[in-house]
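Student: I should like to go through this structure term by term and ask what justifies each label.
Tutor: Please begin, and we shall set each value against its criterion.

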Amino acid sequence: MYQFRIGEDVMGDRERDIVDLVEAQFEGSASGDERAALIEKLDGNDSELARFRTQSQVDAMLSVVMEEGASEAAYMERVMGAIRDDDGERFSREVIGRIRTKKRWLQAAAVVAMTLFISGVWLGLGSREPMAEVSGMQSVVWGAEAYDVGDEIKQGGSVEVKSGLLQVGIDEKRTLIVEGPARVTFKKAAVVEVDYGRVMVRSEEGAGAYRVVTPRGAFEDFGQAVGVAVTEGGEVETHVLDGSVVVVNEDGEKVKVEEALRMESGESRMLVADRGQFYTSLPPEVELGKRSISWSFDEGAGDRAAARGSDGEGAEMVFKSMDGGGIPEWVEGPYGGGLLFDGVGSYAESRYRGVAGSQARTVSFWLKVPEDFSVRQGFGIISWGVLDNRSEVGKAWQISVNPIDSEGPVGRLRLGLGLGQVVGTKDLRDGQWHHVAVVLYGGAQVDVGTHVLFYIDGQLEPVSRRALQAVDTEIADAKHGVWLGRNVSYQKSDPGHAHGGFFRGAIDELQIFDTALDQDTIRGLMQEAK
């Protein structure tokens, strides 16, 4: 019998309705409409939802005990022992979902439920101690309760992130980075449950084991960097970037350093760990007052566009052409004038060399891509650096519309360095103006796969595909400055070039900063153009 029957004489109509629906669910007699009604009533009702989750665990454990034919006294002791045990989740995990309707089991469930109620043992739900603290965030859109930096997350509390990056401190030695969309529940000390999304667990040496519970099993983290990715369909990948992970299942399978495990319905398989799947840190605070350069393209006539800003002196954008194309054309932009590139041979070049090395940077501009975009007209919108041959990977910086389907969805925003790239999700081939910002933030081991953020129309853009490559942009030995509309690898006329030499589309209001701007600042740039 469902445990809320205790004291039902003091229940209100809503509580009694929930009790009846939950009881029908556990007895196996609930209809589809009743299940839907139960979900609706529990949604947002934390106290009832917590008790429902508790009863699920109790009922499931009792099922296994009864199947093994234990005596009433024996199974009572085993159930209570499992609840008291810090590793009680192991017992629960074996039996979740195996609810039975046997008469004897139902009677036993009522006895144990009464015992739990009287003794105050609620599978850890009686305590609401702080489990974590929000220590940072970047462009977070909340799906449920919103948190601020410094807010505590209590035991059993969840964070649901629709988009953006959230940093959570577990203690002085452990940090979680959550990439939206994601939902994570902090069950108790040293235990977190990932319902869906990507989570990077970073631990200092000596932090001890940490358990990550997923729909396909639990993982004991003994490493310094472990990433967990859970799809909304329940598929799970665990990538060990530093340290080791023990998969808590029947086989006690262990994933070693630089290895990964994918768990699907009914099977699991080993993979090679992919460091590019996870953000490993959040951008630092924005440093204002850094150097910048901009081109507004509002002249409307002539063969060059004036540059402004701290690096703008002598850095005008000069219009050029090759391979039978024309020079860039003046067109109406979202605010004032803009430039149109024909995808045949039109491009522009500045004496400004771009931002070098692994220095943080932001490139902000307006972009319009035609609906009849060709994959030979995606490289490159804005580029600088060196890419003369395949040995120079990582030395270039090129923003494009992705034309290579094997490296990500075609028509999406792309940043490439040669062999490493990151590709967004929004299809830009709609003939409309969009504001775009590409942000590289600094830190240790700056990489295109882990240190780049895209913003489209002021919103953080989810990443569809990443490939790692350290950022080390070379400008001293480059044979040119910043190019607009020309592929950085297209050094001379080559009609047979594998991916084409020129971009087709329009740009406006180009700005380059040698710092990583945040979302609010980027949205401000959008408004400034007005």
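Student: In which loop does Phe 297 lie?
Tutor: The model is a predicted one. In this model, Phe 297 is found in the loop between strand S14 (292-295) and strand S15 (304-305).

Student: Why is Phe 297 called buried?
Tutor: The label buried requires a relative accessible area under 20%. Phe 297 has 0% relative accessibility, and therefore counts as buried.

Student: What is phi of Phe 297?
Tutor: Phi is about 60° there, a positive value although Phe 297 is not a glycine. Ala 190, likewise a residue other than glycine, has a positive phi near 70°.

Student: Where is the place of Ala 190, and is this residue buried or partly exposed?
Tutor: Ala 190 belongs to the loop between S4 and strand S5 (191-203). Partly exposed covers the range between under 20% and over 50%. The relative accessibility of Ala 190 is 34%, so this residue counts as partly exposed.

Student: Which peptide bonds are cis, and what is omega in each?
Tutor: One is the bond from Gly 180 to Pro 181, with omega near 5°. Another joins Phe 379 and Gly 380, where omega is about -20°. Pro 181 has its place in strand S4, whereas Gly 380 lies in the loop between S20 and strand S21 (382-385).

Student: What makes S3 and S4 a pair of strands?
Tutor: Pairing requires at least two bridges between two strands. Ten bridges join S3 to S4, and the two run antiparallel; by the definition they therefore pair. Ser 158, for instance, stands opposite Thr 185 in S4. A hairpin of two residues connects S3 to S4.

Student: How many bridges pair strand S1 with S3, and in which sense?
Tutor: Strand S1 (residues 130-142) pairs with S3 in the antiparallel sense over seven bridges. Within this pairing, Trp 142 stands opposite Val 161 in S3.

Student: How do you know that strand S20 is mostly covered?
Tutor: Strand S20 spans residues 361-368, and seven of its eight residues are buried.

Student: Which strands does S20 pair with?
Tutor: Eight bridges join S20 to strand S25 (residues 433-440) in an antiparallel arrangement. S20 also pairs with strand S30 (residues 504-513) over six bridges, again in the antiparallel sense. Arg 361 has Leu 440 as its bridge partner in S25, and Lys 368 has Ala 506 as its bridge partner in S30.

Student: What makes an enclosed space a cavity, and how many of 30 Å³ or more are counted?
Tutor: A cavity is a set of points where a 1.4 Å probe fits but cannot get out. By this rule, four cavities of 30 Å³ or more are counted. The largest cavity has a volume of about 90 Å³.

Student: Which elements give two or more residues to the lining of the largest cavity?
Tutor: They are strand S3 (158-171), strand S4 (174-188), strand S26 (452-456) and strand S27 (459-461). S3 gives the most, with three residues. Among the lining residues are Ser 163, Glu 179, Gly 180, Tyr 279 and Phe 454. By class, the lining has seven nonpolar, three polar and two charged residues.

Student: Why is Gln 519 called buried?
Tutor: Gln 519 has its place in helix H7 (residues 519-528). Its relative accessibility is 11%, and the label applies under 20%, so Gln 519 counts as buried.

Student: What makes the approach of Gln 519 to Ser 139 a polar contact?
Tutor: The criterion is a suitable pair of N or O atoms within 3.5 Å. The side chains of Gln 519 and Ser 139 are joined by a polar contact of 3.4 Å, a value that therefore satisfies the distance cut-off. Leaving aside neighbours within four places in sequence, the residues in contact with Gln 519 also include Gln 138, Tyr 455 and Leu 460.

Student: How many helices and strands does the protein chain have, and what share of its residues counts as buried?
Tutor: The protein chain has seven helices and 30 strands. Of its 530 residues, 51% count as buried. Among contacts between residues at least 6 apart in sequence, 59% join residues at least 24 apart.

Conventions
Residues numbered from 1 in each chain as written. Predicted model: local features only at pLDDT ≥ 70, side-chain atom pairs only at ≥ 80, totals over all residues. Heavy atoms only, no water. 1 Å grid on protein atoms, 1.4 Å probe; cavity = no way out; pocket = protein on both sides within 12 Å on 5 of 7 lines; lining within 4 Å. Points joined across faces, edges and corners; volume = space filled by probe spheres on them. Helix = DSSP H or I, 4+ residues; strand = E, 2+ residues; numbered from the N terminus. Nonpolar A, V, L, I, M, F, W, Y, C, P; charged D, E, K, R; others polar. Buried < 20%, exposed > 50% of the residue type's maximum accessible area, 1.4 Å probe, protein only. Polar contact = N/O pair within 3.5 Å; in protein donor to acceptor, adjacent residues only side chain to side chain. Contact = heavy atoms within 4.5 Å.
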